[in-house]
Amino acid sequence: MPLLKNLAAILILPVYALASQSAKCLALQHSLHLQNTTILNVTYVLAATNVSTPGVCQSAAPVTAAPLCRVQFVINTTSSSAVHAEAWLPDIWFGRFLGLGNGGLGGCIDYANLDYGTSLHFAAVGSDNGHDGTDGSQFLNHPEVINDFAFRAVHVEAVIGKQIVQTYYGAAVAKSYYLGCSTGGRQGTQAALRFPEDFDGIVAGSPATDFNHLTIWQGILSHYVGAPISAAAPSPKFLSPDVWAIVSAEILRQCDALDGVVDGIITEPDECDFRPESIQCIEDTSTNCLTATQVETVKNVFTPLFGLQGELIYPRYSPGAEADPSQSQIFGGEFFSITENWGRFAILNVTEHDFSNFGLKAVAFWDSINPGGIATFEGDLSAFRNRGGKFLTYHGRRDPIISSTNSKRMYDLISHTLSLPLLDDFYRLFLIPGMGHCAGGLGPTSFGQSNGLNLVNDSSHNILLAMVDWVEGGIAPATIIGSDVTNATRTHCRYPMRSVFNGTVFVCE
Ligand SMILES: [Ca+2]
């Protein structure tokens, strides 16, 4: 029995007439007196609709969980930085707070998950991460804007957001949660490291942890294929989508069956010892094969990145992930945009920079700057663990942007730091075979990790509801069951357990 339903009976608000609820909502415009915070706008959304949104990221957002009270506010984090945020406060509230993260270098309030959170009766708060937009241009000459992005926006969203929730409902938040993926996964990890009191339960997906090394690796990957490529400046290193398709077919030929099922999914890409020499053109053949230079490109892509002293900088790209359409962000022929933006505006703090010679020399310098403490690669989660915090993370094994192997590396770092062989009592990592970056890919990869991916509304199939059960009921999720739109399911396993085919289905061992 999902705990959510049990709690509904005891935490549901008294039924007010909509008119009085509306008046109570609108009164927040003048009744909230919060430190460094200005209330910009308060509206009571009576019925499902689209609302207009500020900023450059989007112009409208759906509200399906009406009636709710929408509070738009700005928190001045320093004299030169500010976080714009929204609190969505549903009439039917179960006493829970939900903080949300962001993506990439944005800059964009997560309206989709404000809607998702309120549909599950959380009071949900999302912010713009300290700047408006989808790139890093506003970091230039603004170290405090970087601090908002690196660690502060989610913290102030939690601190101020909870006060707004308490004022509106006249009751303190019972339990507080966090949901985010990619940059949002890194933000959730940062919250557990730096502000362990902010959230009781953190769901941090496909996290961009070890951020400086991640972005260096992504930039070097794009160099491996010869970026920047143009018609006027082609590179023999480059692989067109047709050539990548040849590579992907050969990777599947060599590795798909390792897990016992030929289904296009490589359950454990770290065990795929892919040899591209098998598809190198020989003698007079020139179709359906790779040049020797392209074979070198592919070998580089699927080799871990080691530094100038031979130390591991970042794990390798996962075989199979190259088949995801989003791989073009790194392999499309442009220098990877996030590396370019982060390097230019946050690390070097310059308006222009030539990245054509970008390489391993960046590692020591980027590590030394580490703007805002962005790295998020520390293992001491003891304060979060000791206060009873729970952490769920997941990573698609076919992620074309962030290597899922890095999430194993993060687990192992925490394990070694805390001298705990298993982190099961507070930290669980679910590896999702076939899943791309945060969602999608191949197979049953929907488990409530974001809006639109809640295909089965219970805690065995929904990672956010699983977290509620863990925090409020002490029931930790042993597995997460993924679904797809055909009602197929697959049981996803927590590291270091493995997903093993038993002849009928995949089980965790
Ligand atoms: Ca397979």
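**Exercise 1. Place strand 8 among its neighbours in this predicted model.**

Step 1. Strand 8 pairs with strand 9 (residues 201–205) through 5 bridges, and the two run parallel. Within this pairing, Tyr178 has Ile202 of strand 9 as its bridge partner.

Step 2. Strand 6 (residues 96–100) is likewise joined to strand 8 by 5 bridges, again in parallel. Here Leu98 stands opposite Tyr177 of strand 8.

Step 3. Take the connection next: strand 8, helix 6 (residues 183–194) and strand 9 form a β-α-β unit that is right-handed.

Step 4. Why is strand 8 largely enclosed by the rest of the structure? Buried means under 20% relative accessible area. Of the 7 residues in strand 8 (residues 175–181), 6 are buried, so the strand is largely enclosed.

**Exercise 2. List the protein donors of the calcium ion and give their spacing in sequence.**

Step 1. Collect the donor atoms. Asp256 gives its O and an OD, Asp259 gives two entries marked OD, and Asp263 gives an OD. Val261 and Ile265 each contribute O.

Step 2. Check the distances: these donors lie 2.3 to 2.6 Å from the calcium ion.

Step 3. Write the spacing of the donor residues: D-x2-D-x1-V-x1-D-x1-I.

Step 4. Are Asp256 and Ile265 buried or exposed? Both are buried.

**Exercise 3. Describe the division into domains and the contact between them.**

Step 1. Domain 1 covers 3–211 + 375–508, and domain 2 covers 213–372.

Step 2. The C-alpha centres of the two domains are 30 Å apart. Their contact takes 41 residues from domain 1 and 44 residues from domain 2.

**Exercise 4. Identify the largest nonpolar core and trace where its residues come from.**

Step 1. This core has 55 residues, and Phe139, Val247, Leu290 and Trp342 have the most contacts inside it.

Step 2. Elements that each supply at least two of its residues include helix 5 (143–169), helix 8 (241–255), strand 11 (312–314) and helix 11 (337–348). Which helix gives the largest share? Helix 7 does, with 7 residues.

Step 3. Compare with the domain bounds: the core draws at least three residues from each of domain 1 and domain 2.

Step 4. Look at Phe139. Beyond its neighbours within four places in sequence, its contacts include Leu105, His131, Phe149, Trp342, Phe345 and Asn349.

Step 5. Another core, of 50 residues, lies apart from the largest one; among its members are Val125, Ala191, Phe391 and Leu429.

Key. Residues numbered from 1 in each chain as written. Predicted model: local features only at pLDDT ≥ 70, side-chain atom pairs only at ≥ 80, totals over all residues. Heavy atoms only, no water. Core = buried A, V, L, I, M, F, W, Y, C linked by side-chain atoms within 4.5 Å. Buried < 20%, exposed > 50% of the residue type's maximum accessible area, 1.4 Å probe, protein only. Helix = DSSP H or I, 4+ residues; strand = E, 2+ residues; numbered from the N terminus. Domains from an automatic or database assignment. Contact = heavy atoms within 4.5 Å. Donors = N, O, S within 2.8 Å, 3.2 Å for Na, K, Ca; no water. Pairing = 2+ DSSP bridges. Right-handed = clockwise from strand over helix to strand, strands pointing away.
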